[in-house]
Amino acid sequence: MSVLARYIPSTRLAAIGAGLAALVIVLDQASKLWVLHGLGFMDGGPGTRIEVLDPWFNLTMVWNRGVSFGLFAAESLWTRLLLIGFSLVIAGVIAVWLTRAERKLQALAFGLIIGGAIGNVIDRVAYGAVADFLDFSGLWFPYVFNVADAAISVGVAGLVLDVIVNGSERKPAAPADGTSD
């Protein structure tokens, strides 16, 4: 058994993942409220910028109407509703997987992805687009993103790491009669 393959009862793993999803949603929405309303980015509009550690890191307002990195921009109401529905279906499927998680890393990764997806859905419903503002373009990363996007990316990386480290290793099944060897 791998060091990262910590087996915990699945209900506890699901609770850990769900708690992390809730934390991601709260942090994502709090950061967006702070940037949009506290720093005035809502009034300033796209391109509003605050230099933080220029040129490496700045806060730059971008409204993302598409999916990752602005792909498939949703300008119409129907396209936006399709993206909202798609995101909710994906979050729902991953929530089912979360209830079947066998390792802590899986549960944490699922929680990050679910929280990030729902955080961005909240933006699409409230604003019609996702508020992005974390700008590391000075470090040769050309995309502006938010806490939810970061959570999704880290969650996907966690799932990849889990597969690399643990492969298809599964928890051994308990004997049907309840006895052990």
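This is a short talk on one protein structure, starting from its sheet and ending at two annotated aspartates.

Okay, hi everyone. One thing up front: what you're looking at is a predicted model.

Let's start with the sheet. It's an open one with four strands, in the order E1-E2-E3-E4, and the pairing is antiparallel. Which strands stand at the edges? Those are E1, residues 49–53, and E4, residues 144–145. Each has a single partner strand, so one side of each is left without a neighbour in the sheet. If you zoom in on E3 and E4, they pair over two bridges, in the antiparallel sense. Leucine 134 has its bridge partner in E4, and that's phenylalanine 145.

Now the helices around it. H1 lies across E2 and E3, and it runs at about 85 degrees to E3. Helix H4, residues 104–127, packs on the sheet too, touching E2 and E3. The direction of H4 makes about 120 degrees with that of E3.

On to the greasy part. The largest nonpolar core has twelve residues, including Val35, Trp63, Phe133 and our bridge pair, Leu134 and Phe145. H1, E2 and E3 each supply at least two residues of this core. Which element gives the largest share? That's E2, with four residues. Phe57 is another member of this core. Leaving aside its neighbours within four places in sequence, phenylalanine 57 is in contact with Val52, Leu134, Asp135 and Phe136.

Right, the aspartates. The UniProt entry, which is unreviewed, has an "active site" annotation covering Asp132 and Asp149. They're spread over 18 residues of sequence, yet they cluster in space, with a largest C-alpha distance of 8.7 Å. Asp132 sits in strand E3, residues 130–135, while Asp149 is in helix H5, residues 147–166.

Is Asp132 buried or exposed? Its relative accessible area is 2%, and the cut-off for buried is under 20%, so aspartate 132 counts as buried. Who's around it? Skipping neighbours within four places in sequence, Asp132 is in contact with eight residues you can click through, among them Thr60, Met61, Asn64, Phe145 and Asp149. Asp149, with its own neighbours within four places left aside, is in contact with Asn120 and Asp132.

Last stop, serine 76. You'll find it in the loop between strand E2 and helix H3. At 34% relative accessibility, serine 76 is partly exposed. Serine 76 and glycine 128 are 52 residues apart in sequence, but 9.6 Å apart in space, C-alpha to C-alpha.

That's my tour, thanks!

Notes: Residues are numbered from 1 along each chain as its sequence is written. This is a predicted model: local features need pLDDT of at least 70, side-chain atom pairs count only at pLDDT 80 or more; totals for chains, interfaces and linings use all residues. Side-chain values use heavy atoms; hydrogens and water are left out. UniProt positions are given in the numbering used here, feature names are shortened, and annotations may be inferred rather than shown by experiment. Buried means under 20% relative accessible area, exposed over 50%, partly exposed in between (1.4 Å probe, protein chains only). Contact means heavy atoms within 4.5 Å. A nonpolar core is a set of buried Ala, Val, Leu, Ile, Met, Phe, Trp, Tyr and Cys residues joined through side-chain atoms within 4.5 Å. Two strands pair if DSSP finds at least two bridges between them. Axes are lines fitted to C-alpha atoms, for helices over the stretch in contact, and angles run from 0 to 180 degrees between N-to-C directions.
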